[in-house]
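Colleague: I'd like to learn how to read a model like this one, feature by feature. Could we start with how exposure is judged, and go on from there?

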Amino acid sequence: MQENILENLEKGFITCTIFCDLSKAFDTVDHDVLLWKSDNFFGIRGLPLKLLASYLQGQQQYIVIDDCTSATLNITQGVPQGSSLGPLLFALYINDLPSITKLTSTLFADDTVLSISESNSTELQSIVNTELEKVNEWLHVNKLFFNYSKTSYMIVSGKNNQLTDCNVKINDKTITRTTCVK
């Protein structure tokens, strides 16, 4: 990502980088969608797919407080956080995101960074907002959602091509511009 930004700075381009925060990303992974993607995108079939299904499905949960016990519910979504397989399963789940957008995607577990560079600031803003709507629709279909309050964007530009005003929106919600990200 850094190399890409530096290359584009040398070309005189402006880069918009969106740091996406997904709400409860690991908790909202739909088991049926994950199994379908495993089969159709990654060719995981037969016994390995059955093993994955066995790992995901058939789990139940309930709550006990003092002497009261809730009803038992089937768990139909989510991958275990802190497990060895959790990040891998989430990566399988989100791996097709880059194919639906012109934005360059950098994916690591549930951290998603999207970026694009253009020489024209007006065109940059238009492309970013159009592409973010595509990403938002993909997330919705895959039962994932932006955490708008924690999603931010950064503009990187050279001295000769500075962008002072940019309006980045997702689902008609204005995203906060930042100058640094951890």
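Modeller: Gladly. A residue is called buried when its relative accessible area is under 20%, exposed when it is over 50%, and partly exposed in between. Keep in mind that this is a predicted model. Take Asn171 as a case: its relative accessibility is 38%, so Asn171 counts as partly exposed.

Colleague: What is the phi of Asn171, and where is its place?

Modeller: Asn171 has a positive phi, about 55°, although it is not a glycine. Its place is the loop between β9 (169–170) and β10 (173–174).

Colleague: Which loop holds Lys24, and is Lys24 buried or exposed?

Modeller: Lys24 is found between β1 and α2 (31–40), in the loop there. With a relative accessible area of 61%, which is over the 50% cut-off, Lys24 is exposed. Lys24 is not a glycine either, yet its phi is positive, at about 45°.

Colleague: Let's turn to the strand before that loop. How many residues of β1 are buried?

Modeller: Seven of the seven residues in β1 are buried, so the strand is mostly covered by the under-20% criterion. You can follow this face by face: Ile14, Cys16, Ile18 and Cys20 lie on one side, Thr15, Thr17 and Phe19 on the other, and all are buried.

Colleague: Which strands does β1 pair with, and over how many bridges?

Modeller: β1 and β7 run antiparallel and are joined by seven bridges. For a single contact to look up, Thr15 has Ser117 of β7 as its bridge partner. β1 also pairs with β8 (residues 152–156), again in the antiparallel sense, over five bridges. There, Cys16 stands opposite Ile155.

Colleague: Now for pockets. How much space lies in the largest pocket, and which residues are closest to its centre?

Modeller: The largest pocket holds about 240 Å³ of space. It is lined by 16 residues, and Phe19, Cys20, Asp21, Asp111 and Thr112 are the closest to its centre. Two or more lining residues come from each of β1 (14–20), β6 (104–108) and β7 (111–118). The largest share is that of β7, with three residues.

Colleague: How do the lining residues divide into nonpolar, polar and charged?

Modeller: The lining has six nonpolar, four polar and six charged residues.

Colleague: What describes a pair of aromatic rings?

Modeller: Two values do: the distance of the centres and the angle of the planes. A search of the whole structure here finds four aromatic pairs. One of them is Trp36 with Phe41, edge-to-face, at 5.4 Å centre to centre and 75° between the planes. Phe41 also pairs with Phe42: the centres are 6.5 Å apart and the planes are at 85°, so this pair is edge-to-face. Planes over 60 degrees apart get that label. Together, the ring pairs link Trp36, Phe41 and Phe42 into a cluster.

Colleague: Are those three rings' residues buried or partly exposed?

Modeller: Trp36 is partly exposed, at 47% relative accessibility. Phe41 has a relative accessible area of 41% and is partly exposed. Phe42, at 32%, counts as partly exposed too.

Colleague: One last thing to look up. Which ring does the charged end of Lys37 sit over?

Modeller: The charged end of Lys37 sits over the ring of Tyr93, at 4.9 Å from the ring centre.

Notes. Residues numbered from 1 in each chain as written. Predicted model: local features only at pLDDT ≥ 70, side-chain atom pairs only at ≥ 80, totals over all residues. Heavy atoms only, no water. 1 Å grid on protein atoms, 1.4 Å probe; cavity = no way out; pocket = protein on both sides within 12 Å on 5 of 7 lines; lining within 4 Å. Points joined across faces, edges and corners; volume = space filled by probe spheres on them. Helix = DSSP H or I, 4+ residues; strand = E, 2+ residues; numbered from the N terminus. Nonpolar A, V, L, I, M, F, W, Y, C, P; charged D, E, K, R; others polar. Buried < 20%, exposed > 50% of the residue type's maximum accessible area, 1.4 Å probe, protein only. Pairing = 2+ DSSP bridges. Phe/Tyr/Trp six-rings, centres within 6.5 Å; stacked < 30°, edge-to-face > 60°. Lys NZ or Arg CZ within 6 Å of the ring centre and 35° of its normal.
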